[in-house]
Amino acid sequence: MSEAATAPHPLGDVFREVMAGVCTPVTVVTTFSGGRPLGTTVSAFASLSMAPPMVVVSLDRRSDLLSALGEGTRLGVNVLGSTQAELAGGFARKGVDKFGGVDWHLESGAPRLDGSPGWLACVVSRLVDGGDHVLVLADVRQAETEPGPPLTYHARTFGTHLAAVR
């Protein structure tokens, strides 16, 4: 990456504040590599296509998870529920055993966190350069959901969605 790409951008602080005002879903994205589970908290996640079903996640270039991904890699997207803020915080940390004390199982080749209301089993189809992040485009192979309020991230804090009063 060039020095210009790593230098602070003049819009950096204002851009960061605008983005803090955007409410996003909270997920833990996982894979299984080298005989061990890997995962990280991701709030930059969205559906990409309905036909075929695809999602996109954005990973920091320094992500340990990203270093284990390539085309054809199995990927899990655990969509967290409103009671899972502590779990999200644990997977957001760097360099620790993120799966220690966490109930999970291998499903469709990727770690699935027990109790997460949303699950997508995916296969990485493409990695796309995105500045200091990489966009991971993934084909969805399995989808499951349980009812319950989602965990969201807004104004640098975890919360949940509430319906607007009409």
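In the predicted model, the aromatic rings form 4 pairs. One of these joins Phe-32 and Trp-104, whose ring centres are 6.4 Å apart and whose planes are inclined by 40°, a tilted arrangement. Phe-32 belongs to strand E2 (residues 27-33) and Trp-104 to strand E7 (residues 104-107), so this pair ties together parts of the chain that are 72 residues apart in sequence. Neither ring-bearing residue falls under the 20% limit for burial: Phe-32 is partly exposed at 34% relative accessibility, and Trp-104 is likewise partly exposed at 29%. Ring pairs further connect Phe-32, Phe-91, Phe-99 and Trp-104 into a cluster.

Phe-91 of this cluster is also one of the buried residues of helix H4 (residues 85-92), together with Leu-87, Ala-88 and Gly-90. Viewed down the helix axis, the buried residues of H4 fall within an arc of 160°, so they line one face of the helix. In an α-helix there are 3.6 residues a turn, so residues three or four places apart point the same way. The face of H4 turned away from the buried side carries the exposed residues Glu-86 and Ala-92. The packing partners of the buried residues of H4 are strands E2, E3 (36-42), E8 (110-113) and E12.

Strand E2, which supplies Phe-32 to the aromatic pair, also contains Thr-30 and Thr-31. Thr-30 is buried, with a relative accessible area of 0%. A polar atom of the Thr-30 side chain lies 2.6 Å from the backbone oxygen of Pro-111. Beyond its neighbours within four places in sequence, Thr-30 is in contact with ten further positions listed here in part, including Leu-38, Gly-39, Leu-75, Asn-78, Phe-99 and Ala-110. Thr-31 is also buried, at 1% relative accessibility. The Thr-31 side chain reaches the backbone oxygen of Arg-74 at 2.6 Å. Residues up to four places away in sequence aside, Thr-31 touches Arg-36, Pro-37, Leu-38, Leu-65, Ala-68, Leu-69, Thr-73, Arg-74 and Pro-111.

The strand pairings were examined next. Strands of a sheet pair through backbone hydrogen bonds, either parallel or antiparallel. An open sheet of 3 strands has the order E1-E11-E12, with antiparallel pairing. Its edge strands, E1 (24-25) and E12 (157-159), each pair on one side only. The antiparallel pairing of E1 with strand E11 (residues 152-154) extends over 2 bridges, and Pro-25 has Thr-152 in E11 as its bridge partner. E12 is also among the strands against which the buried residues of H4 pack.

Strand E5 (residues 53-60) has 6 of its 8 residues buried, so it is largely enclosed by the rest of the structure. Strand E4 (residues 45-50) runs antiparallel to E5 and is joined to it by 5 bridges. The two strands form a hairpin with 2 residues between them, in which Phe-45 stands opposite Val-57 of E5. E5 also pairs in the antiparallel sense with strand E10 (residues 133-145), over 7 bridges. Within this pairing, Leu-135 of E10 is the bridge partner of Ser-58.

The largest nonpolar core has 19 residues, and Leu-75, Cys-122 and Val-136 have the most contacts inside it. At least two residues of this core come from each of E3, E5, helix H3 (64-67), strand E6 (74-79), strand E9 (118-130) and E10. E10 gives the most, with 4 residues. Residues up to four places away in sequence aside, Leu-75 touches Val-29, Thr-30, Leu-69, Ala-110, Leu-120, Ala-121, Cys-122, Val-124, Val-136 and Ala-138. A second, separate core has 10 residues, including Val-26, Val-28, Leu-113 and Leu-151.

Several elements recur across these results. E2 holds Phe-32 of the tilted pair and is packed against by the buried residues of H4. E5 pairs with E10, and both strands supply residues to the largest nonpolar core. Thr-30 is in contact with Leu-75, which is named among the residues with the most contacts inside that core.

Methods. Residues are numbered from 1 along each chain as its sequence is written. This is a predicted model: local features need pLDDT of at least 70, side-chain atom pairs count only at pLDDT 80 or more; totals for chains, interfaces and linings use all residues. Side-chain values use heavy atoms; hydrogens and water are left out. Two strands pair if DSSP finds at least two bridges between them. Rings of Phe, Tyr and Trp (its six-membered ring) pair if their centres lie within 6.5 Å; planes under 30 degrees apart count as stacked, over 60 as edge-to-face and the rest as tilted. Buried means under 20% relative accessible area, exposed over 50%, partly exposed in between (1.4 Å probe, protein chains only). The arc is that of the directions from the helix axis to the C-beta atoms. Contact means heavy atoms within 4.5 Å. A polar contact is a pair of N or O atoms within 3.5 Å; within protein, one must be able to donate a hydrogen and the other to accept it, and residues adjacent in sequence count only if both atoms are side-chain atoms. A nonpolar core is a set of buried Ala, Val, Leu, Ile, Met, Phe, Trp, Tyr and Cys residues joined through side-chain atoms within 4.5 Å.
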